[in-house]
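Work through the following exercises with the coordinates open. Each task is followed by a stepwise solution.

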Amino acid sequence: MAKVNPFRSRLPGTKVHHDNNACTEGNNIESRNRVAGTGGLPKCQRCKEL
Ligand SMILES: [Zn+2]
């Protein structure tokens with residue numbers, strides 16, 4: 001696992017951003033829906049634990 005630059009989904013309803021490439025939730029975001037940055041959203045719980 002490794003820290004990566006913050007990213008998030010651009011889909012409506014997105015409430016968190018991710019910053020770890022081992023996060024399954026983050027990895028589930030399709031690349032076309034993936035955007036860089038936190039978007040001002042809190043970090044996802046799983047990324048916090050990784
Ligand atoms: Zn995450």
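**Exercise 1. Locate C47 and describe its surroundings.**

Step 1. C47 is found in helix α2, which spans residues 45–49. Helices (H or I, at least four residues) and strands (E, at least two) are DSSP runs, numbered from the N terminus.

Step 2. The model is predicted: local features need pLDDT of at least 70, side-chain atom pairs count only at pLDDT 80 or more, and totals for chains, interfaces and linings use all residues. Residues are numbered from 1 along each chain as its sequence is written.

Step 3. Count the C-beta neighbours: C47 has 22 other C-beta atoms within 10 Å, so C47 is buried. The classes are buried for 20 or more other C-beta atoms within 10 Å of a residue's own, exposed for 12 or fewer, and partly exposed in between, with C-beta atoms placed from the backbone.

Step 4. List the contacts, leaving aside neighbours within four places in sequence: C47 is in contact with H18, D19, N20, C23 and G26. Contact means that the C-beta atoms of two residues, placed from the backbone, lie within 7 Å.

Step 5. As a distance check, take N5, which is 42 residues from C47 in sequence and 12 Å away in space, C-alpha to C-alpha.

**Exercise 2. Derive the strand order of the sheet.**

Step 1. Strand β1 (residues 3–9) pairs with strand β2 (residues 18–20) in the antiparallel sense, over two bridges. Two strands pair if DSSP finds at least two bridges between them.

Step 2. One residue pair in this pairing is F7 with its bridge partner H18 in β2.

Step 3. Strand β3 (residues 34–36) is joined to β1 by three bridges, and these two strands also run antiparallel. Here S9 has R34 in β3 as its bridge partner.

Step 4. Combining the pairings gives an open sheet of three strands in the order β2-β1-β3. Strands β2 and β3 are the edges, each pairing on one side only. Neighbouring strands of this sheet are turned by 40° against each other on average, direction ignored; the axes are lines fitted to C-alpha atoms, for helices over the stretch in contact, and angles run from 0 to 180 degrees between N-to-C directions.

**Exercise 3. Compare the settings of S9, N20 and G40.**

Step 1. S9 lies in strand β1. With 21 other C-beta atoms within 10 Å, S9 is buried. Beyond residues up to four places away in sequence, S9 touches T14, I29, N33 and R34. The C-alpha atoms of S9 and A22 are 16 Å apart, at 13 residues along the chain.

Step 2. N20 lies in strand β2 and counts as buried, with 20 C-beta neighbours inside 10 Å. Leaving aside neighbours within four places in sequence, its contacts are M1, K3, V4, G26, C47 and L50. N20 and A36 are 16 residues apart along the chain, with their C-alpha atoms separated by 13 Å.

Step 3. G40 sits in the loop between β3 and α2. G40 counts as exposed because it has 7 C-beta neighbours inside 10 Å. From G40 to R10 the C-alpha distance is 13 Å, across 30 residues of sequence.

**Exercise 4. Summarise the fold and the overall dimensions.**

Step 1. The protein holds two helices and three strands, which follow the pattern β-β-α-β-α along the sequence.

Step 2. The radius of gyration is 10 Å, close to the 10 Å that the globule rule gives for 50 residues, so the protein is as compact as a globular protein of that length. This radius is taken over C-alpha atoms, and the rule is 2.2 Å times the number of residues to the power 0.38.

Step 3. Along the principal axes, the C-alpha atoms fill a box of roughly 25 × 20 × 15 Å.

Step 4. Of the 50 residues, 16% count as buried. Among contacts with a separation of 6 or more, 52% come from residues 24 or more positions apart.
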